[in-house]
Amino acid sequence: VLFSWDFLLMGFADALTWTNLFWALVGCLVGTLIGVLPGIGPSAGIAILLPLTTMIPPTSGIIMMAAIYYGAMYGGSTTAIVVNIPGEASSVPTCIDGYEMAKQGRAGAALGISAISSFVAGTLGLVGLTFFAPLLANVALAFGPPEYFALMFMGLSLVISLSGRALLKGILSMSLGLLSALIGQNPLTGAARLTFGWVDLMAGISFISVIIGLFAVSEIMINVEEKAAVIYKTKIKGWMPTWREIRQCFGAMLRSTGIGFFLGLLPGCAPAVTTFIAYDVEKRVSKTPERFGKGAIEGVAAPEGANNATSSAGFVPLFAFGLPTGPALAVLLGGLMMYGLQPGPMLFQQNPKFVWAVIASMYIGNVMLLVLNLPLVGFWARIALVPFPVLGPIIILCCVIGAYSIRFLMFDVWVTLLFGVIGYLMRKLAFPIAPMVLATVLAPMLETSLQQSLLVSQGSPLIFFTRPIAAAFMALALASIFRGLWITVRSHAPEVAPAESDE
Amino acid sequence: MTLAGGAGLAAKSWRSGGQDLQIKWPDRSGAIRIAVNLLLLALFIALIEPLGMPVVTALYVAVTIWYIDRKRYVAALFTGAGSGVIVYYLFIRLLELQFPLGFLQR
């Protein structure tokens, strides 16, 4: 049995030490900041900080990075409501009613309800994580290399098929990610490949520089291109919604928690996807749907609840299987591996102290964020107004520092710049970036499990279809790809550019 | 085997690269802004080793802010100088990261 109350209590005891509390607080602050600032999201933020965290203990480091991830979900709503600019893609639906409320002079109430809804859904999602993750990890104990390969294969194909209507572009993006991860030495044999005799390439390309480039550098380039100068002033007064409004939103919070959590277990269902669904559902079940879009408070509560429930849910497959559902969790997975921790069922067995400390810290972090956000909303809103010309170069500077501290090599910085250009082109050409990031991070594990499976089966790929669990995963993967293909072939309408998300 | 896999992937990406693409390229001024910013960034990276991280940081941040928004030269000066100082004291002194110091060599 991988769950017991003792484990959870032990986790709380660990998470409540001063060191871990401090790093959780740092993570919450940085996360909110990243969420508030447009132009940098949780994936890029975590990737930049990852090399710098090697100097603190693993548990504290992961606690901080997890806090950045869910903290960004809180912060993203602030700019959405106050200035109608979503700090993160997951806050786009929040803009609809949140900004309407702000225009009616009710920005404070909108910010208040988004913090409360985030807290309720985030915490309920954590309860789900606490009980679901060990349960799934138990199942995963029976997994061998073929099952893992099939699982990751399924994860990647779900990310591709859910990434929008552009299936082919998703596949291309994924193969680019795999390709960049193949550079360097073969993990099993040590043979050099794709290095073209270049010594710098022998150690491979760090996934951190790939991600910093793809998300942060390219985002700045997109912003530089437009001469955007938004100056806007909203007075925030009366930051609390009334009790009646909180009660009114109660149903919305619970529904969005359910939607966010269960969809959030699936790879590819990043918060940017589930918030839209939650908003839509809320509009449909409402007795007064005409209020939506005109400042309905449930229209703020639903997406804000959903994105926090989704971010909690994402940790379930991450901890139980080692499968990230989105780019930010992929970076976190990379962080775990940097510390030599292999996520999956073995993590619960061998490092229960670590897993439960991180899970417990997330409960504490949610309380911290509620406390930080309700009274400090005005402060965060002012930070969001830092003009881009000042912000942009500083973000780039952070990227350079992050990339350089990976191995203290200039080479990594150049690689980051290169992937910044690639990321910019991909955004321009409407290529989804998430599959590429997931593929880069998963590639080493994917490859190792593939080679191990093929060793077991003496080179026959049939092993993925004769073992029942692996076969089920492969069938799901193929079904999702064929479904995507079918939709692509059937619709002759011009392809819709997928909303790019950085979480 | 994995080499072949990589090559196969590359081939696949070349082959389906000819899909119909609707591209929204930036206008001329946008393209110039991007090119100049990229150039500044490349210069920044290239000069880190000869000049040292703190100095180049200050120069890069100040010049880039000034380039993006000419009216903000005061902010540019202060932010630039500030970032240089922060890089030196926070990252190099406090966190002891091994950035090239250039002529500031202890």
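In this predicted model, L41(B) reaches across to the other chain, for among the residues it touches, leaving out those up to four places away in sequence, are V217(A), I396(A), V400(A) and L417(A), together with Y60(B) from chain B. L41(B) is also one of the residues that touch the most other members of the largest nonpolar core, a set of 156 residues in which L129(A), F315(A), F319(A), F44(B) and M53(B) share that distinction. The largest share of this core, 13 residues, is contributed by helix α9 of chain A, which spans residues 207-225. Separate from it there is a second core of 20 residues, with A102(A), A109(A), I297(A) and A381(A) among its members.

**The two chains**

Chain A contains 20 helices and two strands, and 63% of its 503 residues are buried. Chain B has four helices and zero strands, which follow one another along the sequence in the pattern α-α-α-α, and buried residues make up 39% of its 106 residues. When contacts between residues at least 6 apart in sequence are considered, 80% of those in chain A join residues at least 24 apart, while for chain B the corresponding share is 57%.

**Helix packing in chain A**

Three helix pairs of chain A are set out below.

| Helix pair | Angle | Axis separation |
|---|---|---|
| α8(A) and α18(A) | about 50 degrees | 7 Å |
| α6(A) and α12(A) | roughly 20 degrees | within 7 Å |
| α5(A) and α12(A) | roughly 145 degrees | within 8 Å |

Helix α8(A), residues 167-182, packs against helix α18(A), residues 434-456, at an angle of about 50 degrees, and the two are therefore oblique to each other. The crossing of α8(A) with α18(A) is right-handed. On the side of α8(A) the contact is made by G170(A), S173(A), M174(A), L176(A), G177(A), L178(A), S180(A), A181(A) and L182(A), and on the side of α18(A) by P435(A), M436(A), A439(A), T440(A), A443(A), L446(A) and E447(A). Sorted by class, the residues of this contact are ten nonpolar, five polar and one charged.

Helix α6(A), residues 107-140, and helix α12(A), residues 298-321, cross at roughly 20 degrees, and because angles under 35 degrees count as roughly parallel, that description applies to α6(A) and α12(A). Here too the crossing is right-handed, with α6(A) passing α12(A). The contact between α6(A) and α12(A) is made up of 18 nonpolar, eight polar and one charged residues.

Helix α12(A) also meets helix α5(A), residues 92-103, the axes of the two crossing at roughly 145 degrees. The crossing of α5(A) with α12(A) is left-handed. In this contact P93(A), T94(A), D97(A), G98(A) and M101(A) of α5(A) meet G299(A), V300(A), P303(A) and E304(A) of α12(A), and the participating residues divide into four nonpolar, three polar and two charged.

**Three buried positions in chain A**

Where in chain A does T53(A) lie? T53(A) is located in the loop between α3 (42-49) and α4 (58-83), and with a relative accessibility of 3% it counts as buried, because the cut-off for that class is under 20% relative accessible area. Leaving out residues up to four places away in sequence, T53(A) touches M64(A), M65(A) and Y339(A).

A24(A) belongs to helix α2 of chain A, residues 18-36, and is buried with a relative accessible area of 3%. Which residues are in contact with A24(A), leaving aside its neighbours within four places in sequence? They are I63(A), A67(A) and M368(A). The C-alpha atom of A24(A) is separated by 7.5 Å from that of S60(A), a residue 36 places along the chain.

N373(A) sits in helix α15 of chain A, residues 352-383, and is buried at a relative accessible area of 3%. Aside from neighbours within four places in sequence, N373(A) is in contact with T32(A), Y74(A), A115(A) and W380(A). Between N373(A) and S311(A), which are 62 residues apart in sequence, the C-alpha to C-alpha distance is 18 Å.

Definitions and conventions:
Residues numbered from 1 in each chain as written. Chains lettered and ligands numbered in written order. Predicted model: local features only at pLDDT ≥ 70, side-chain atom pairs only at ≥ 80, totals over all residues. Heavy atoms only, no water. Axes fitted to C-alpha atoms, helices over the stretch in contact; angles between N-to-C directions. Parallel < 35°, antiparallel > 145°, perpendicular 65-115°, else oblique. Left-handed = near helix turned anticlockwise from the far one by under 90°. Contact = heavy atoms within 4.5 Å. Nonpolar A, V, L, I, M, F, W, Y, C, P; charged D, E, K, R; others polar. Core = buried A, V, L, I, M, F, W, Y, C linked by side-chain atoms within 4.5 Å. Buried < 20%, exposed > 50% of the residue type's maximum accessible area, 1.4 Å probe, protein only.
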